[in-house]
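Subject: Structure handover

Hello,

Here is the structure for your files. My notes on it follow below.

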Amino acid sequence: MRAAIVEAPGKVVVTTVPDPTPGPRDVVVSVASCGLCGTDLHILQGEFAPTLPIVPGHEFAGEVVGTGKDVTELAVGDLVAVDPSLHCHECRYCRSGRGNLCDRWAAIGVTVPGGAAQYAVAPAANCVKLPGHIDVKDAALIEPLSCAVRGYDVLSGTLGADVLVYGSGTMGLMMLELAKRTGAASVDVLDVNPDRLATAGLLGCSRTAASADELDRPRGWDVVIDATGNAKAIQDGLGRVAKGGTFLQFGVADYATTAVIEPYRIYNQEITITGSMAVLHSYERAAALFATGVLDPSVFISDRLPLEEYPQAIKRFSAGQGRKIVVEP
């Protein structure tokens with residue numbers, strides 16, 4: 001089969017590799033679409049726990065074309081979206097229900113071969129059947145949506161909150177859509193990319209701007225979400241949180257990224273600074289939301305490229321072009 005492989009930091013190629021073989025409780029998925037995201041850029045840099053070489057791709061969906069001998073809940077021909085999370089189920093964090101913090105955390109497309117290929121192996125337990133009205137080529141959006149759902153689980157949102165989102169890429173736009181549905185009074189979006197910012201306006205945010213200084217809110221925002229991982233955005237966002245408010249670090253920053261906090265302000269104004277790591281008990285709910293039409297794939301997916309153009313796709317994504325870019329093997 002053909003697959004994209006990150007061979008070394010900064011080097012990705014598309015080549016022929018052996019077809020995958022499922023274990024007893026695994027299925028083989030013929031990949032219909034595989035999304036690119038910021039984590040893939042970190043993997044390309046040799047970060048985020050990868051051992052190279054690796055077939056990337058943790059956002060994918062497709063058709064079951066093979067099953068292990070002990071699989072009974074799925075059959076050849078089923079259309080599925082795949083939760084990439086692989087937990088040990090043995091460590092302290094797994095046993096306390098915090099599998100996304102697993103001591104032996106792993107993920108399809110991060111630590112084991114993923115969906116940037118014609119075929120991928122996944123545990124049957126990680127596959128969610130898709131209803132017939134969903135186009136499987138759109139269903140790669142379910143994994144990033146599940147991360148956004150996890151983010152809102154962490155926020156435990158309050159009705160009537162004023163929300164500020166840094167970044168109008170895929171994840172920022174998903175946080176916008178969920179904020180609108182969790183009772184936010186207003187949702188403002190910031191981005192230095194005018195094309196992406198225009199999409200936020202199209203989706204019905206309250207205001208858009210290149211900088212928070214352009215928005216008249218001297219008291220700050222109840223909820224500030226960084227969906228960029230950018231050091232300058234993070235630092236600015238920490239200073240925009242209103243008294244009693246919450247800052248959510250949602251974007252994946254480089255390992256070396258740092259920010260300065262003001263401990264007295266955090267204490268005196270009862271500010272919460274928290275983070276959201278990947279997927280936790282949120283994939284099935286994201287799939288259910290996706291089935292209701294919570295996202296418009298035609299708005300979110302800007303580019304569909306063949307697998308052979310994976311290197312060009314990741315360069316395009318790295319340059320900040322488009323919104324969600326998917327490859328379709």
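At roughly what angle do the axes of helix 3 and helix 4 cross? Please keep in mind that the model is predicted. The crossing is at roughly 55 degrees, and the two axes come within 9 Å. Helix 3 covers residues 142-155 and helix 4 covers residues 170-181. Angles from 65 to 115 degrees would count as roughly perpendicular and those under 35 as roughly parallel, so the two helices are oblique to each other. The crossing of helix 3 past helix 4 is right-handed.

On the helix 3 side, the contact is made by Pro144, Leu145, Cys147, Ala148, Val149, Gly151 and Tyr152. Helix 4 contributes Met171, Met174, Met175, Leu178 and Ala179. Sorted by class, this contact holds eleven nonpolar residues, one polar residue and no charged ones.

The other item concerns strands 13, 14 and 15. Strand 13 (residues 221-226) pairs with strand 14 (residues 241-249) in the parallel sense, over five bridges. Within this pair, Val223 of strand 13 is opposite Thr246 of strand 14. Between the two strands the chain runs through helix 6 (residues 231-238), giving a β-α-β crossover that is right-handed.

Strand 14 is also joined to strand 15 (residues 272-275), by four bridges, and these two strands run parallel as well. Here Gln249 of strand 14 lies opposite Gly275 of strand 15. Strand 14 thus pairs with strand 13 and with strand 15.

Regards

Note on methods: Residues numbered from 1 in each chain as written. Predicted model: local features only at pLDDT ≥ 70, side-chain atom pairs only at ≥ 80, totals over all residues. Heavy atoms only, no water. Pairing = 2+ DSSP bridges. Right-handed = clockwise from strand over helix to strand, strands pointing away. Axes fitted to C-alpha atoms, helices over the stretch in contact; angles between N-to-C directions. Parallel < 35°, antiparallel > 145°, perpendicular 65-115°, else oblique. Left-handed = near helix turned anticlockwise from the far one by under 90°. Contact = heavy atoms within 4.5 Å. Nonpolar A, V, L, I, M, F, W, Y, C, P; charged D, E, K, R; others polar.
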